[in-house]
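Student: I should like to learn how to read individual features from a model. May we go through them in turn?

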Amino acid sequence: MAPTTPSSAPEPINQFDLSGQYAAIGHEIREVVERVLALQQLVLGKEVSALEKELAEFCGVAHGVGVANGTDALILALRACNVYAGDEVLIPTLTFVATASAVNVLNAKPVFADVDRVTLNLDPDDVCRRITPKTKAIIAVHLHGLPADMDALREIAKERKLPLIEDNAQAIGATYKGHRTGSLADIACISFYPTKNLGAAGDGGMIVTNSAEFDSRLRTLRNHGQASRYVSTEPGWNSRLDEIQAAILRVKLRHLPNWQKARQAIAAKYSSLLANVKGVSTPVIPEGYEHVFHQYTIRSDRRDDLQKFLADRKIGTQIYYPIPLHLQPLYAGLGHKAADFPNAEHVTGEILSLPMYPELTAEKIERVAATIAEFSR
Ligand SMILES: Cc1ncc(COP(=O)(O)O)c(C=O)c1O
C-alpha cells in the first residue's frame, strides 16, 4: 500500500468514534427512550432493575447495583468495604485518576503500587511491599481491557484479610481463566461513560458482587443511607441511575458480544500488520487471559515523534496515561519522586493507543499500520 502523506489529505481517522454505532442502532435506542418517556418512571425503576439483573448475569455474579457513574461505584464499594477517613487503599499508579480520587472522597489515602511492564496492570510483589497496618482494601484495575493478575492478588488479599475490589471500568466482557471480570474479586465497579465498551448516552455506573450483604448496603448507600423509605441508617449519597440510561444500556448490552469480537478482530489485524515493524511492540496477552481491547496500545521508544507523525497524517492516538498518579501535582503532598515506580515511569514514555472502535474499517486499520511502518523506516 502506498504511504500516505499530509498533502494527499486523507480522511481523518479518529482515535475513537461513536457515530457508526449510533447509525447502526439509533433506531433501537430511540424506541426504548420513547418507551421510558411514555411511562414517566424516570429514576431507579423497571429498566434499572432489569439492567442490574442482566449485567450481574453477564458478569457471572448474583447482584448488580446501578449508580450514577463509575467513580461513585468505586466510592460506594470502598465504603461498603468499611473504608473511612485515615485508612489506606492500595491502587496501581498507572490508572485514570478516578481510581484514586474515589479514595480521597472518603478522606482515605491512596497508596500507589507499581505495575508490570508487560501487562501494565498491578505488580503483586509491589502490592505486598506497600501493605501497612492501615491498609483497608486493594483495588485492581483491568487497564485497557486486560484483566489484572487476579490469582496472585486474591492470594495476597486472602492472606492479609483485605477486601479486593475490581475497577472494571475498562474491561467489561474480558475473561481471566474462564471467568468474566466483575466476578474475580469481592466487589467490582463498572463505568458506563460513553467511550467505554458498554457506554451510556451520558453518565452511569454499576457495582456487581456475589455478596448479598454488599448488595443491601450499597442499595442503602446510593440513596442517602435510607435502609427503608425515609429511614436513614448511615450517611449516604444520591447516586442513582436513571431509567433512560438503563434502557439504552440494555439495548447496547445485547450488542456487546459482537462489538467485543469486532474489537478483538481489529486488534489481531493491527498485531499482524505491525509484527515486523522495527521499534514497535504490540500488546501481549498472557495465557488464560482474554483482552477486550478497550484500548489497543503499542509501545514505541520514539513515542512522541510517532504520535506527531500520525497526527500530521490525520490519525488520532492517545496516551493512557501520560503521567502516573504518584507524579501528578494532585499527589505532590505524598512526597513521591521520579524513579519511585520505575515500571510505570518507563511505560508511560512508550505507550500509545491507536484508533479503536468496533466499526473501524479494514482500510483504516491498514492505513494506520502502514503509516507507523513508514515512520519506522
Ligand atoms: C479505570 C477507570 N476507573 C474509573 C473510571 C471512572 O468512571 P466514570 O467516568 O464513569 O466516573 C474510569 C473512567 O472514566 C476509568 O477508566
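Tutor: Let us start with exposure, bearing in mind that this is a predicted model. A residue counts as partly exposed when its relative accessible area falls between 20% and 50%. Asp 151 is partly exposed because its value is 34%.

Student: What is the relative accessible area of Lys 177, and how is that residue classed?

Tutor: Lys 177 has a value of 47%, so it too is classed as partly exposed. The side chains of Asp 151 and Lys 177 form a salt bridge, with an N to O distance of 2.6 Å. Asp 151 belongs to helix α6 (residues 150-159), while Lys 177 sits in the loop between β6 (175-176) and β7 (179-180), so the pair ties together parts 26 residues apart in sequence.

Student: Which residue forms a salt bridge with Glu 350, and at what distance?

Tutor: The criterion is a side-chain nitrogen of Lys or Arg within 4 Å of a carboxyl oxygen of Asp or Glu. The partner of Glu 350 is Arg 299, with the closest N and O atoms 3.7 Å apart. This pair links distant parts of the chain, 51 residues apart: Glu 350 is in the loop between α10 (342-347) and β15, and Arg 299 is in strand β14. Glu 350 counts as buried because its relative accessibility is 18%. Arg 299 is likewise counted as buried, because its value is 14%.

Student: Which residues are joined into one network by salt bridges that share partners?

Tutor: The network consists of Arg 35, Glu 47, Glu 54 and Arg 250. Within it, the side chains of Arg 250 and Glu 47 meet at 2.9 Å, N to O. Arg 250 lies in helix α8 (residues 243-274) and Glu 47 in helix α2, 203 residues apart. Both residues of this pair are buried. The total comes to 19 salt bridges.

Student: How should strand pairing be read, and what is the order of the open sheet of three strands?

Tutor: One asks which strands pair and in which sense. The order is β12-β14-β15, with antiparallel pairing. The edge strands, β12 (280-281) and β15 (351-354), each pair on one side only. Two bridges connect β12 with β14 (residues 296-300), and Ser 281 has Arg 299 as its bridge partner in β14.

Student: Which strands pair with β4 in the parallel sense?

Tutor: Strand β2 (residues 88-92) pairs with β4 over three bridges, and Leu 90 is matched with Ile 138 of β4. Strand β5 (residues 164-167) runs parallel to β4 and is joined to it by four bridges; here Val 141 stands opposite Asp 167. Of the seven residues of β4 (135-141), six are buried.

Student: Is Leu 164 buried or exposed?

Tutor: Leu 164, in strand β5, counts as buried because its relative accessibility is 1%. Its contacts beyond four places in sequence include Ile 138, Ala 140 and Met 150.

Student: How may one describe the surroundings of a loop residue such as Asn 121?

Tutor: One combines position, burial and contacts. Asn 121 is in the loop between β3 (109-113) and α5 (124-130), and it is buried, with a relative accessible area of 2%. Its side chain reaches the backbone oxygen of Leu 146 at 2.8 Å. Residues touched by Asn 121 include Val 115, Asp 116 and Val 141.

Student: Which residues make the nonpolar surface patch?

Tutor: Leu 37, Leu 42 and Val 43 make this patch of about 220 Å². Leu 42 lies in the loop between α1 (19-39) and α2 (46-59) and is partly exposed, with a relative accessible area of 34%.

Key. Residues numbered from 1 in each chain as written. Predicted model: local features only at pLDDT ≥ 70, side-chain atom pairs only at ≥ 80, totals over all residues. Heavy atoms only, no water. Buried < 20%, exposed > 50% of the residue type's maximum accessible area, 1.4 Å probe, protein only. Polar contact = N/O pair within 3.5 Å; in protein donor to acceptor, adjacent residues only side chain to side chain. Contact = heavy atoms within 4.5 Å. Patch = residues over 30% accessible without salt bridge, like charges linked within 9 Å, V, L, I, M, F, W, Y side chains within 5 Å. Areas by Shrake-Rupley, 256 points an atom, 1.4 Å probe, with all protein chains shown as cover. Pairing = 2+ DSSP bridges.
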